[in-house]
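Let's take a friendly walk through this model, with a pocket, a surface patch and some charged pairs as the stops along the way. Have the structure open and turn it as you read.

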Amino acid sequence: MTGRLRMSSGLVLFAYVVTHLVNHSLGIVSLAAMEAMLGWVHPVWTSIPGTIAIYGAFLVHLAVAFFALWERRTLKLRPLEALQYLLGFSVPFLAATHVAGTRINDSLLGGDGSHYSKVLAGLWYAEPLNGVAQIALLLFAWVHVCIGLRLWLRLRRWYETALPYIYAVAILLPVFALLGFVAGERELGAALDQDPGLLASTLASRALPGVRPLLNDITWGIFATLLGMTAGVLIARTFRRHWQRRRGVSRITYPGRRWIDVPHGFTVLDASKMLGMPHTSICGGKGRCSTCRIRVLAEPDALPPPAADEQRVLHRIHAPPNVRLACQLRPHGAVNVLPLVSSPLIGRDHAHRPVSADGGERELVIMFADLHDFTRLAETRLPFDVVFILNRYFHEMGQAVETAGGRVDKFIGDAVMALFGLETASECACTQALNAARMMFARLDILNSALADDLDAPLRMGIGIHVGVAVVGEMGYGRTRSLTAVGDTVNVASRLQTLSKTYGCALVVSDKLIAGAGLELPGSPSHELVIEGRRAPLGIRTVAKACDLPALRV
Ligand code: FES
């Protein structure tokens, strides 16, 4: 419930901030353009529904923030969360002066702030310090919004693909707003230079006489209320902690006999943070990602049953009964737990990885390449020769994949599995994979020429490529852990590669891949592949020779 309230109120505030920034940006065009947009935005936000929406959202968001501060058992936060909290709590303080000087002045005291020139004159000439505070407000609010949206959306399938556009908007909008703010002042300043009396009359029309002291009192009242509420929650937290310690503590024990006593009511994730125990929690403890899951090894009686939200997530991941979400589980007594999603590996340079190591779904192109009849060749050759030939082959194939922009996922026997699209959009990945296939066959021809004296017959290869959603993450054990992909798309690509033997062709690709690369391939036969569990068959194409493929521009 709090998550939904936070998100819906946040989205209303987001809309308000965006219209504000866009309106500021129009200063780059002219002061008249700013005024024109304000002319239709101002009535919307000052109408009764608009006022209820914006003030309601603000109050709900603030209340949810205080509630979260109260609910949070430990103030040990991850850097991004800490920054979001800090910026979020500074926004109402910075906004107090602005709200008192514009909205309260206009709506309650009869002032008229619906003109940009008056607001700009006030911020640039009458109260320049306040102008600086308003610029800080604009930036703080925007960064707070961006972090919130990132935490909300980053688990979405399309997020990685949309990231360049999101970054562009996130950076350009406040930059344009600041430029507009400065450009608006330039234009206003030029007008004021020509008419020395204009500044005084502009500022005088901004507020009714004698109202300024009242506005100051209101601003200080808002400050005092916010400070009082913040201090009240922090003091209440301290009392609660003492009270809970007197009521009893739960001992949470981790592998390696590490343990911590936490007051009843703390979650296992809170306990991990207090202990300094690495514990993955991608959604920040909101019960959405399941990465904080733990296996309860002993004393399951100390556990309350999962609530509906936790139950839903556990059901989604088909968790057995002794697996729970650490961020939702508040033990009544001692428990032994084992975090199930490793975090030391995830923690390192996680932010720099284009694909989340802890698992996520995304659209990928999967390629399988396999040497035909290699088993027979291996049986008739000395082991040294087999290793030599395979290593030459793997080298050539690896080079082709990487040159095309893909990544060799693994070598399985004489097969190669490669991934495309870990760092690029799906359409680009389709093109890269087809280019890789063409280069792989070209390199195989060169290799066959080089090994002509060592081989009874040239090496022959079949490739299968498919595009679709796959689960990507770090998998394996110990040093064998690596980023790889699993799922239906991988299985289908492997099956297409096997079909290359059936059809006696070089390449089998899905129609979806061809469409993704924007190709026609009119001469290649179409087939339909029935896949168990799918209602419609999968359309596929066979390509007899890889040299039939055109070189594609990425
Ligand atoms: S941290 Fe995401 S579900 Fe617990």
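Which helices each supply at least two residues of the lining of the second largest pocket? They are helix H1 (2-25), helix H6 (128-153) and helix H7 (159-194). Please keep in mind that this is a predicted model.

**The pocket**

The second largest pocket has a volume of about 440 Å³. Its lining is made up of 19 residues, and those nearest the centre are Cys146, Ile147, Leu149, Ile166 and Ala170. What classes of residue make up this lining? There are 18 nonpolar residues and one charged residue, with no polar ones.

**The patch on the surface**

Helix H7 comes back at the next stop, since Ile171 and Leu179 are both found there. These two residues belong to a nonpolar surface patch of about 750 Å², which is made by Ile28, Val29, Tyr167, Ile171, Leu172, Val175, Phe176 and Leu179.

Is Ile171 buried or exposed? Ile171 counts as exposed because its relative accessibility is 51%, and the cut-off for that label is over 50%. Leu179, with a relative accessible area of 45%, is partly exposed. Leu179 also has a partner from far along the chain: Gly27 is 152 residues away in sequence, yet the two C-alpha atoms are 7.4 Å apart in space.

**Another contact across the sequence**

Ile222 is found in helix H9 (residues 211-247). With a relative accessible area of 25%, Ile222 is partly exposed. The C-alpha atom of Ile222 is separated by 8.6 Å from that of Pro92, although their positions lie 130 residues apart along the chain.

**Salt bridges**

How many salt bridges does the count come to? The count comes to nine, and the table shows some of them.

| Salt bridge | Closest N and O atoms |
|---|---|
| Asp261 and Arg251 | 2.8 Å |
| Arg460 and Asp373 | 3.3 Å |
| Glu396 and Arg443 | 2.8 Å |

Start with the salt bridge between Asp261 and Arg251. Asp261 lies in strand S2 (residues 258-263) and Arg251 in strand S1 (residues 249-254), so the pair ties together parts that are 10 residues apart in sequence. Asp261 is partly exposed at 24% relative accessibility, and Arg251 is also partly exposed, at 34%.

Next, look at the salt bridge that joins Arg460 to Asp373. This pair links distant parts of the chain, 87 residues apart: Arg460 is in strand S9 (residues 460-475), while Asp373 sits in the loop between strand S6 (360-372) and helix H13 (374-379). Arg460 counts as partly exposed, with 46% relative accessibility, and Asp373 is partly exposed with a relative accessible area of 45%.

Finally, there is the salt bridge formed by Glu396 with Arg443. Here distant parts of the chain are linked again, with Glu396 in helix H14 (residues 383-404) and Arg443 in helix H15 (residues 426-450), 47 residues apart. Which label fits Glu396, buried or exposed? Glu396 is buried, because its relative accessible area is 15% and the cut-off for buried is under 20%. Its partner Arg443, at 24% relative accessibility, counts as partly exposed.

Methods
Residues are numbered from 1 along each chain as its sequence is written. This is a predicted model: local features need pLDDT of at least 70, side-chain atom pairs count only at pLDDT 80 or more; totals for chains, interfaces and linings use all residues. Side-chain values use heavy atoms; hydrogens and water are left out. On a 1 Å grid over the protein atoms alone, a cavity is a set of points where a 1.4 Å probe fits but cannot get out, and a pocket is an open set with protein on both sides within 12 Å along at least five of seven lines; lining residues have an atom within 4 Å of a point. Grid points are joined across faces, edges and corners, and a volume is the space filled by probe spheres set on the points. Helices (H or I, at least four residues) and strands (E, at least two) are DSSP runs, numbered from the N terminus. Ala, Val, Leu, Ile, Met, Phe, Trp, Tyr, Cys and Pro count as nonpolar, Asp, Glu, Lys and Arg as charged, and the others, Gly among them, as polar. Patches are made of residues with over 30% relative accessible area and no salt bridge: like charges are joined within 9 Å, nonpolar side chains (Val, Leu, Ile, Met, Phe, Trp, Tyr) within 5 Å. Accessible areas come from the Shrake-Rupley method with a 1.4 Å probe; for residues, only the protein chains shown count as cover. A salt bridge is a side-chain nitrogen of Lys or Arg within 4 Å of a carboxyl oxygen of Asp or Glu. Buried means under 20% relative accessible area, exposed over 50%, partly exposed in between (1.4 Å probe, protein chains only).
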